[in-house]
Amino acid sequence: MAASAKRKQEEKHLKMLREMTSLSPNRKCFDCDQRGPTYANMTVGSFVCTSCSGILRGLNPPHRVKSISMTTFTQQEIEFLQKHGNEVCKQIWLGLYDDRTSSVPDFREPQKVKECLQEKYEKKRWYVPPEQAKVVASAHASISGSSNSSTNSTPEVRPLKSLLGESAPTLHLTKNTPQNQSPVVSRGQPHQQQFHEKKFDLLSDLGGDIFAAPANVNTAASSGFANFAQFNSHTSCIKVNRWSDMKWKMRRKLF
């Protein structure tokens, strides 16, 4: 009975370990990003690959690592791994790590991996105490989020033709245009340019100074304006002439 219960307990722990390694942060080695970790680092609570497990054993002090499939785990060890994992270890051991200035070493270069692990665990170069790890991680997340939002909010610069089509006007800036004056928009019509260049004289267009004294009749007639003062006399002369013609025609019929 005791042997079967122990076997069931081991199978249960193995199932829990597989569930933990299936999580996204635990799918890669915590120390070199190699896929498929096969060992558990019981010193810090991370999941690592076979190559890094050998390097971790040679550190000062050495880390205690256990094979996930070849050894058994106690209930306390399972609970320890559940509380940690690669995500929590990253907040603690890589809390001050800057991706812009440092990079994870390639797992195919063991010497560089060893030097990185010495910096990480022996010198504690990027270490943050566990009680401060979450605060530092949230601060880093807010800073990176604000920088990404400011970058993404940059307006897209598009050419004028892409917005207005082929009928978009062209801009021409003359040599004499002041710096604080906007360029003139030209659509290929020269008469519009002449219209802008023409200088208007309001007083000359109205026929002189509107506040000056009125001109006499002769002056107005010579300047091209109609003389309405002689309109009635001219009309009366036309009527008299027509009456005389009618009288002359009637006299010819009678005689």
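Trainee: Before we start, what does contact mean here?
Mentor: Contact means that heavy atoms lie within 4.5 Å, and please keep in mind that this is a predicted model.

Trainee: Okay, so what do the buried residues of α3 pack against?
Mentor: The buried residues of α3 pack against α1, β1 (39-41), β2 (46-48), β3 (65-67) and α4 (85-93).

Trainee: And which residues of α3 are buried?
Mentor: They are E77, I78 and L81, and seen down the axis of α3 these residues fall within an arc of 100°, so they line one face of the helix.

Trainee: What's on the other side of α3, then?
Mentor: On that other side you will find Q76 and K83, which are exposed.

Trainee: Back to α1: how is it placed relative to α3?
Mentor: The axes of helix α1 (residues 2-21) and helix α3 (residues 75-83) come within 11 Å and cross at roughly 10°, and the two helices are therefore roughly parallel to each other.

Trainee: Which residues meet there?
Mentor: From α1 there are Q9, H13, M16, L17 and M20, and they meet Q75, I78, L81 and Q82 in α3; by type, the residues of this contact divide into five nonpolar, four polar and no charged.

Trainee: Anything to look at just after α3?
Mentor: Look at G85, which takes a positive phi of about 85° just after that helix.

Trainee: Switching topic, how many helices and strands are in the chain?
Mentor: The chain has 11 helices and five strands, and of its 255 residues, 22% are buried.

Trainee: What about its accessible surface?
Mentor: That surface comes to about 20,000 Å², with 55% of it belonging to carbon and sulfur atoms.

Terms used
Residues numbered from 1 in each chain as written. Predicted model: local features only at pLDDT ≥ 70, side-chain atom pairs only at ≥ 80, totals over all residues. Heavy atoms only, no water. Axes fitted to C-alpha atoms, helices over the stretch in contact; angles between N-to-C directions. Helix = DSSP H or I, 4+ residues; strand = E, 2+ residues; numbered from the N terminus. Parallel < 35°, antiparallel > 145°, perpendicular 65-115°, else oblique. Nonpolar A, V, L, I, M, F, W, Y, C, P; charged D, E, K, R; others polar. Buried < 20%, exposed > 50% of the residue type's maximum accessible area, 1.4 Å probe, protein only. Arc of directions from axis to C-beta. Areas by Shrake-Rupley, 256 points an atom, 1.4 Å probe, with all protein chains shown as cover.
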